[in-house]
Amino acid sequence: MAQINLLHAINSALDIAMAEDKSTVCFGEDVGHFGGVFRATSGLQEKYGKARCFNTPLVEQGIIGFANGLAAQGSVAIAEIQFADYIFPAFDQIVNEAAKFRYRSGNEFNVGKLTIRSPYGGGIAGGLYHSQSPEAYFAHTPGLKVVIPRNPYQAKGLLLASIRDDNPVIFFEPKRLYRASVGEVPEEDYQLPLGKAEVVQTGTDITLLAWGAQMEIIEKAAQMASNDGISCEVVDLRTILPWDIETISKSVMKTGRLLISQEAPLTAGFASEIAATIQSECFLHLESPIARVCGLDTPYPLALEKEYVSDHLKVYEAIIKSVNY
Amino acid sequence: MSTELYNDGPVVHQATFIDGTSVEIPELRILDQDGVIYPNADLPDIDQALATKIYQSLAFHRVLDERMVASQRQGRLSFYMTALGEEATSVGGAAGLKPQDMIMMQYREQGALIYRGFDLKDLMNQLFSNAGDLGKGRQMPIHYGSKELNCMTVSSPLATQIPQATGYAYGQKLQGADAVTICYFGEGAASEGDFHAGLNMAAVQEAPVIFFCRNNGYAISTPSDEQFKGNGIASRGVGYGIKTIRIDGNDILAVLKATQIARAYAVKENKPVLIEAMSYRLGAHSTSDDPSGYRTKEEEAKWQSHDPILRMKNWLIKQNWWDEAQETALFEKYREDVLAAVKVAEKIDKPHIDTMITDVYDVPSAQLQAQLDEVKAHVNKYPEAYPFTAGKF
């Protein structure tokens, strides 16, 4: 198996999707000949032609509006929003249109063939507008699926599953890991399940839950804690919506403690939703309050990025606090 | 790949501004109000059978609007929107297309559905949000849609259908289908960002889409001179590099002609077209609106004299394709049909409680099922508070 980075894994998934179905179309700003600003669509226009992989004008609401129509028509629409920070002009097309297309028409029409890819998250010195993690906005929208991979293997399998899933999926790619995360990825086609969390490491004292680029943070913190004799169960949520309540509940009933780490601000982040549900599901099993390690309730800063973001030291401290509660 | 697209004028050495007033936009009119065809007018492809079908659709639309407003006033229906005075835009547009063409409506284009043969029963079931509604009673009245008839379900947010029409048409092009998409919207909706997005992308991506603007003078209470200052919507088409025509929207033959030409061009060239149909919203915005607060009776009276249905009738009579006896019989029949359909639809149950969670996703999630079960248990506990569903699951 080849060792490839997360970008190549994305590219490989797109290549497979375009090869298997002639109606698959990839588009977005700079996606065509240039291959995207991160090069995720590199080589696709050369291979599949300009009609199926192309640049769009600079208009996010248009990209997603176009994608909705294309998917409703029956084509496989894979739209790229260049940075998740710029997805908001398309909010109406995602929240009022894509998410409600099937429901409002009584299933006369749907945009199940829509996948929106977008790099998200911090760690690249991107400041306010190249660092955000907007997953919670979309998690509040019935009808969408929201998926975030943690490494190249996950990225390829989850992206292929997202493209083939018969619902509109927002696929947020942790851009800090695009080149930094390298791992073994099969060349052939495979899928990983949506709506299923994955227990990455079993443990007995506390459940650590995260997604995307925060996974390596909590794994590192778990390693530190194990030196103190604390056994952490590490779980990757993978799909934010609809999320896997069962796997998380089962883990927390075993460990009695839960810590959730996210890059996004604390207030009304997805960690809050998890905390509310898990305290309801596991109330009598909990031995300490559910901990949330998050960004501050500020815009994402530039110079003070390190201080702002949830890192392994903050997570480690929260583990100790939870275990000693 | 090229950045050289400009049809540049001469280089000048004095500051020279342009303001668009030098661009005159002609308005196509084929039929005058008395039903007389203008000399030298280019006629659309139309024969007696097509003309009759169009006229029947217009007549049915007029009757439906009258009866449904009355039903709303009687408290039988929650809400309704008429297309009074601008029926020719939707009916004539649909008549200029082929059945495989997709129609994306804003919300005042039920004439297109009527022309395509949407069943009266289906219209009523939608209006009464009952168990028979194709949309499963989820949207307010007039949010029709039909996969079978290639009419996209209406959604309330304005102009969202415009870039979607571009994408839909692009898919039709990729498949090499002999099909286009027509996209209706009002001059008010053309102020939304989605208008710009949809038209620019259609021009750049070369999508066979017909943008059909009903310029009816009002967006609820806001007159068009408070909506934009340019020369209508047509002037914008030129800016996007889109072939554009302005027509008299109350002239059914002009609507039909423009749509037929637009369709042929879109299919052959794989490019978009913009049609701006000048009309007037003779009715209120909706049954929740009262236009007397923002416009005069005199203004309305002027436009009443431009009635598109009367204009077509005058032409049909001159053609010897129609007479007053047929007219009376047709309107009478439609009134009876609609009234009978109202009586049936209003007695049909509300949709089953289970439909609350279907179609959110292709398959309801475990969480949704659990939430529904909770609601059902609650309804069973307090049945008198939930009369539509209690005892029915």
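This section describes the fold of chain B and its contact with chain A in a predicted model.

The domain assignment divides chain B into two parts, with domain 1 comprising residues 27-37 and 45-345 and domain 2 comprising residues 353-385. The C-alpha centres of domain 1 and domain 2 of chain B are separated by 37 Å.

Chain B contains an open sheet of seven strands, in which the pairing is parallel and the strand order is β1-β8-β9-β5-β4-β2-β3. Strands β1 (27-28) and β3 (151-152) of chain B form the edges of this sheet, each pairing on one side only. Within the sheet, strand β5 (residues 209-215) of chain B runs parallel to strand β9 (residues 273-278) of chain B, and six bridges join the two. In this pairing, B:I210 has B:V273 of β9(B) as its bridge partner. Helix α5 (residues 161-174) of chain B lies across four strands of chain B, namely β2 (102-104), β3, β4 (181-186) and β5. The angle between helix α5 of chain B and β4(B) is about 175 degrees.

Helix α8 of chain B covers residues 252-269. At 1.5 Å a residue, its 18 residues should span 26 Å, and the distance of 25 Å between its end C-alpha atoms agrees with this expectation. Several residues of α8(B) are buried, including B:I252, B:L253, B:A254, B:V255 and B:L256 at its start, and B:A262, B:R263 and B:A266 further along. Just after α8(B), B:N270 adopts a positive phi of about 55 degrees.

One residue of helix α8 of chain B, B:A258, illustrates the surroundings of this helix. B:A258 counts as buried because 28 other C-beta atoms lie within 10 Å, where the cut-off is 20 or more. When residues up to four places away in sequence are not counted, B:A258 touches B:L28, B:I245, B:I247 and B:I275. B:A258 and B:G93 are 165 residues apart in sequence, yet their C-alpha atoms are 8.4 Å apart in space.

The contact between the two chains involves 36 residues from chain A and 37 residues from chain B. On the side of chain A that touches chain B, the elements giving two or more residues are α3 (60-73), α4 (91-97) and α5 (101-104) of chain A. Of these, α3(A) provides the largest share, with 10 residues. By residue class, the side of chain A that touches chain B consists of 12 nonpolar, 18 polar and six charged residues.

Key
Residues are numbered from 1 along each chain as its sequence is written. Chains are lettered from A and ligands numbered from 1 in the order in which they are written. This is a predicted model: local features need pLDDT of at least 70, side-chain atom pairs count only at pLDDT 80 or more; totals for chains, interfaces and linings use all residues. Two strands pair if DSSP finds at least two bridges between them. Two residues are in contact if their C-beta atoms, placed from the backbone, lie within 7 Å. Axes are lines fitted to C-alpha atoms, for helices over the stretch in contact, and angles run from 0 to 180 degrees between N-to-C directions. Domain bounds come from an automatic or database domain assignment. The expected span of a helix is 1.5 Å times one less than its number of residues. A residue is buried if 20 or more other C-beta atoms lie within 10 Å of its own, exposed if 12 or fewer, and partly exposed in between; C-beta atoms are placed from the backbone. Ala, Val, Leu, Ile, Met, Phe, Trp, Tyr, Cys and Pro count as nonpolar, Asp, Glu, Lys and Arg as charged, and the others, Gly among them, as polar.
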